[in-house]
Amino acid sequence: MNAVSQLDQVKTGPWNGGRSPWSVEYGKIMMWFFLLSDAFTFSSLLIYYGAQRFSKLTWPDPDLVFQSIPGIKDTGAPLVFVGIMTFILILSSVTMVMAVEAGHRRVKKEVIGWLVATIIFGFMFLGCQALEWSHLHHEGFWWGTIPSAEELKHLFDGPVSLVAAQQFANLFFTITGFHGFHVFSGVMINVIILIMTINGTFEKRGHYLMVEKVGLYWHFVDLVWVFVFTFFYLV
């Protein structure tokens, strides 16, 4: 019995490993591993989009495709709506930071407030994305579906390519949909963490480490959006 307990002890010698090299809690490092694998998935999708984008002589111009503010105006406001979406997501990242910081201080009331704000901003982003999808679908874009060549003329700064338009539509809905799924998952996880905070679960544990782990996921989702925004809306 004594031999087993000695085996379980953390070895601290220079060649024994132990807590080296990171000294990170198990759950947190597992979250990092998950985020790394997820980063590979997003990278492969965006690299494929870039390969398709730059292998075509013409491609739908983002300034012409995304120039509407759904429900307000159809033309004349290039990238304004996606700018609002991006600002909302950045705000949600700030509120998540504040929730984690309040958790470090173990101030339950502040953690609850900042988590509520993060959840609201997350739902706002998803609502904006749904509006944008609805608008593009109304214009004739969907998986496997694009407007006619005549209708596409005002979206190309040059010759119209039906193949490029179809690739753009397929990849736009796939990649932004995949990211939207991550945002929705993050919102649901935040709701669960909020309920646990209200019930005093983390107070009983003596720490709010779970809030920090969820924060890592949320910041990752926000960071991925920077790349999605760059690839689809700026390039």
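This is a short talk about how some helices pack in one structure, and about a few of its residues.

Hi everyone, and thanks for having me. Before we begin, please keep in mind that what we have here is a predicted model.

Let's start with helix packing. Two packed helices are described by the angle between their axes and the distance between those axes. I have three pairs to show you.

Pair one is helix α4, residues 80-104, with helix α5, residues 108-139. Their axes come within 8 Å and cross at roughly 160°. How do α4 and α5 run, roughly parallel or roughly antiparallel? Angles over 145 degrees count as roughly antiparallel, and α4 and α5 are therefore roughly antiparallel to each other. The crossing of these two, α4 and α5, is left-handed. If we sort the residues of the α4 and α5 contact by class, we get 18 nonpolar, five polar and two charged.

Let me pick out one residue from α5, namely T118. With a relative accessibility of 0%, T118 counts as buried. Which residues does T118 touch, if we leave aside its neighbours within four places in sequence? The answer is S92, T95, M96, N190 and W218.

Pair two brings α4 back, this time with α9. The axes of α4 and α9 come within 10 Å and cross at roughly 160°. Here too the helices, α4 and α9, are roughly antiparallel to each other, and α4 passes α9 in a left-handed crossing. On the α4 side, the residues taking part include V82, M85, L89, S92 and M96. On the α9 side, they include E212, G215, W218, W225 and F229. By class, the contact of α4 with α9 divides into twelve nonpolar, six polar and two charged residues.

While we are looking at α9, have a look at V226, which lies in this helix. Is V226 buried or partly exposed? At 45% relative accessibility, V226 counts as partly exposed. Its C-alpha atom and that of S68 are separated by 20 Å, and V226 and S68 are 158 residues apart along the chain.

Pair three is α2 with helix α7, residues 162-198. Their axes come within 10 Å and cross at roughly 165°. That makes α2 roughly antiparallel to α7, and the crossing of α2 and α7 is left-handed. If you want to find this contact on the screen, look in α2 for residues including F42, L45 and Y49, and in α7 for residues including F168, L171 and F178. By class, the contact of α2 with α7 has nine nonpolar, five polar and one charged residues.

Now for the salt bridges. How many salt bridges does the structure hold? There are five, and I'll walk you through some of them.

One joins the side chains of K28 and E212, at 3.0 Å from N to O. K28 sits in helix α2, residues 26-55, and E212 in helix α9, residues 209-234, so this pair ties together parts that are 184 residues apart in sequence. K28 is buried, with a relative accessible area of 18%.

Another is formed by the side chains of R105 and E101, at 2.7 Å from N to O. R105 counts as partly exposed at 40% relative accessibility, and E101 is partly exposed as well, with a relative accessible area of 33%. Salt bridges that share partners join E101, R105 and E110 into one network.

A further salt bridge links E150 with K153, where the closest N and O atoms are 3.3 Å apart. E150 is exposed, and so is K153.

Finally, a word on backbone angles. Most residues other than glycine have a negative phi. L79 is not a glycine, yet it has a positive phi of about 65°. You will find L79 in the loop between α3, residues 62-65, and α4, and L79 is buried, with a relative accessible area of 19%.

R106 is not a glycine either, and it has a positive phi of about 60°. R106 is found in the loop between α4 and α5, and it is partly exposed, with a relative accessible area of 40%.

If you remember one thing from today, make it K28 and E212: their salt bridge ties together parts that are 184 residues apart in sequence. Thanks for listening!

Conventions. Residues are numbered from 1 along each chain as its sequence is written. This is a predicted model: local features need pLDDT of at least 70, side-chain atom pairs count only at pLDDT 80 or more; totals for chains, interfaces and linings use all residues. Side-chain values use heavy atoms; hydrogens and water are left out. A salt bridge is a side-chain nitrogen of Lys or Arg within 4 Å of a carboxyl oxygen of Asp or Glu. Helices (H or I, at least four residues) and strands (E, at least two) are DSSP runs, numbered from the N terminus. Buried means under 20% relative accessible area, exposed over 50%, partly exposed in between (1.4 Å probe, protein chains only). Axes are lines fitted to C-alpha atoms, for helices over the stretch in contact, and angles run from 0 to 180 degrees between N-to-C directions. Angles under 35 degrees count as roughly parallel, over 145 as roughly antiparallel, 65 to 115 as roughly perpendicular and the rest as oblique. A crossing is left-handed if the near helix is turned anticlockwise from the far one by less than a right angle, and right-handed if clockwise. Ala, Val, Leu, Ile, Met, Phe, Trp, Tyr, Cys and Pro count as nonpolar, Asp, Glu, Lys and Arg as charged, and the others, Gly among them, as polar. Contact means heavy atoms within 4.5 Å.
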